[in-house]
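This briefing covers the fold, the surface and one backbone feature of the chain shown below.

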Amino acid sequence: MYAVTPHGGALRAAGSRAPAASPRSRLRAALLRQWREAQRAAALNVPVGTVKRGRA
């Protein structure tokens, strides 16, 4: 039926050609994501955490 994997899970990562991200690049990506979300929230004049990332 359905493959049981966590959200954004191992099934997708197993087939990817990109090498595993280093902890440093993962941290950088997380910080960038937070910063972008904060910018969007400020632009829309709403509290942080209420703006959806990507597609709604």
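How much area does the chain expose, and what share of it do carbon and sulfur atoms supply? The chain exposes about 5600 Å², and carbon and sulfur atoms supply 58% of it (Shrake-Rupley method, 1.4 Å probe; for residues, only the protein chains shown count as cover). This is a predicted model, in which local features need pLDDT of at least 70, side-chain atom pairs count only at pLDDT 80 or more, and totals for chains, interfaces and linings use all residues. Residues are numbered from 1 along each chain as its sequence is written, and side-chain values use heavy atoms, with hydrogens and water left out.

**Fold and burial**
- The chain has 2 helices and 0 strands (DSSP runs numbered from the N terminus: H or I of at least four residues for helices, E of at least two for strands).
- Of the 56 residues in the chain, 7% are buried (under 20% relative accessible area, with exposed over 50% and partly exposed in between; 1.4 Å probe, protein chains only).

**Helix 2**
- Helix 2 covers residues 23-44, and its end C-alpha atoms are 32 Å apart.
- That agrees with the 32 Å expected for its 22 residues at 1.5 Å a residue (1.5 Å times one less than the number of residues).

**Asn-45**
- Asn-45 comes just after helix 2 and takes a positive phi of about 60°, in a residue other than glycine.
- Asn-45 counts as exposed because its relative accessibility is 72%.
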